[in-house]
Amino acid sequence: MQVTEMQLPMGTIHHVDPEAGFVLIRTSRITDITPDTRVTVYGNGGVVSAILNTGEARKGQFVTADIVEGMPVRGDQCTMIYTPPQPGAGPGQDPGGDEVQVLE
């Protein structure tokens, strides 16, 4: 079975710091948002206003993201690319098999 990517709503831009090149995104996603997740930002009329990459910092419903291109504005809507985990691809397992990987 092939697992496909989905574009999911993620939240809204809460704060923009153009000098430091990052934003705070207010999100209510239950799905894990891992660092380096690509985020597409939509402004007025559904036009893409920016591309972001999520950072490691997260507190409560806020996620940080670096501005890769464009200029987001407070209130812009964000979506993220999400690839569901493949069946049997849990931690320590090879996605193609049932062997446990031991890290030393």
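Let's start with strand β1 (residues 6-17), which is joined to β2 by six bridges, the two running antiparallel. One of the bridge partners here is easy to find: Val-16 sits opposite Val-23 of β2. Two strands are said to pair if DSSP finds at least two bridges between them. Strands themselves are DSSP runs (E, at least two residues), while helices are runs of H or I of at least four residues, and both are numbered from the N terminus.

A quick word on what you're looking at: this is a predicted model, in which local features need pLDDT of at least 70 and side-chain atom pairs count only at pLDDT 80 or more, while totals for chains, interfaces and linings use all residues. Residues are numbered from 1 along each chain as its sequence is written, and side-chain values use heavy atoms, with hydrogens and water left out.

So what is the chain made of? It has six strands and zero helices, and reading along the sequence gives β-β-β-β-β-β. These strands make a closed barrel in the order β1-β2-β5-β4-β3-β6, with antiparallel pairing. On average, neighbouring strands of this sheet are turned by 45° against each other, direction ignored (axes are lines fitted to C-alpha atoms, for helices over the stretch in contact, and angles run from 0 to 180 degrees between N-to-C directions).

Strand β3 is a nice one to follow, with a partner on either side in the barrel order. Here are its pairings:

| Partner of β3 | Bridges | Direction | Example partners |
|---|---|---|---|
| β4 (residues 48-59) | five bridges | antiparallel | Tyr-42 and Val-48 |
| β6 (residues 77-82) | four bridges | antiparallel | Thr-40 and Thr-79 |

β3 and β4 also form a hairpin with five residues between them, and Gly-45 in that turn has a positive phi of about 70°.

Just before β3 comes another residue worth a look. Asp-36 lies in the loop between β2 (22-27) and β3 (38-42). Its phi is near 70°, a positive value in a residue other than glycine. Most residues other than glycine have a negative phi. Is Asp-36 buried or exposed? Asp-36 counts as exposed because its relative accessibility is 61%, with exposed meaning over 50%, buried under 20% and partly exposed in between (1.4 Å probe, protein chains only).

Zooming out, 26% of the chain's 104 residues count as buried. Among contacts (heavy atoms within 4.5 Å) with a separation of 6 or more, 54% link residues 24 or more positions apart.
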